[in-house]
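Let's learn to read how helices and strands pack together. Have a look at the model first, and then we can talk it through.

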Amino acid sequence: MAQRKRIAVFASGSGSNFEAVATAAAGDADSPYEVALLVCDKPGARAIERAERLGVPVLAVRPKQYDSREAYEADVVRELRERGIDFVVLAGYMRLITATLLDAFPNRILNIHPSLLPAFPGLHAVEQALAYGAKVAGVTVHYVDGGMDSGAIIAQEAIPVRSDDTPETLFPRVQAIEHRLYPAVVRAFAENRIRLDGRRVTIEGGLRFD
Ligand code: GRF
């Protein structure tokens, strides 16, 4: 088997997607990737607890201690290089990425967003969809660029919005999709099956959900 790709997951909050991506790899002897690092910018975030439970090393970062976002990211990049990280997976990481990180991992940073982009980018996407009256909600996995949830789309999945949905009822259904979709995309990426041509993305052989 080819060597497993080493990925770093960046999270700021609960970390349920981090856990889904990490456990999918840990439970699969043939996984093409392993989660080698959690980068977390929020002290006390639940993601850190999850990492400790799963035995994933944690890099707890303090962006405010730096003079600039670039200086902060330069330090993170140095850590990622030292640890032999192949690509980066954002999972509820509540910061925009600058050119420092983007240029260090060109087209090798992924993100997941709880809407059908380009609808409802930014914060509180599920609340935005409900407030707008959308009849379908969903999930997008995309490449990260310098904008807000604006990179090329890799995969999407939609679910119907029910007339009585609230954020409390809809968000868990959205997250259930996330927890299935993100590991499948990360796996395809680690297997070098994802091709980018302008904004058009193809996945050779498609996504595998086993
Ligand atoms: C997810 O809904 C993801 O789409 C968004 O942030 C949320 C993170 O959730 N980017 P969790 O921390 O993985 O539970």
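**Reading a fold, step by step**

Q: Which way do α1 and α6 cross, left-handed or right-handed?

A: A crossing is right-handed if the near helix is turned clockwise from the far one by less than a right angle, and left-handed if anticlockwise. Here, α1 and α6 make a right-handed crossing. This is a predicted model, where local features need pLDDT of at least 70, side-chain atom pairs count only at pLDDT 80 or more, and totals for chains, interfaces and linings use all residues. Residues are numbered from 1 along each chain as its sequence is written, and side-chain values use heavy atoms, with hydrogens and water left out.

Q: Which residues make the contact?

A: Contact means heavy atoms within 4.5 Å. Ser16, Asn17, Ala20, Val21 and Ala24 of α1 meet Gln175, Glu178, His179, Tyr182, Pro183 and Val186 of α6.

Q: How are the strands ordered in the sheet?

A: Strands of a sheet pair through backbone hydrogen bonds, either parallel or antiparallel. Strands are DSSP E runs of at least two residues, helices are H or I runs of at least four, and both are numbered from the N terminus. Two strands pair if DSSP finds at least two bridges between them. In this model, seven strands form an open, mixed sheet in the order β3-β2-β1-β4-β5-β6-β7. The edges are β3 (58-60) and β7 (153-160), each with a single partner strand, so one side of each lacks a neighbour in the sheet.

Q: How many bridges join β5 to β6?

A: Four bridges join these antiparallel strands, β5 (residues 109-113) and β6 (residues 136-143). Ile112 stands opposite Val141 in β6.
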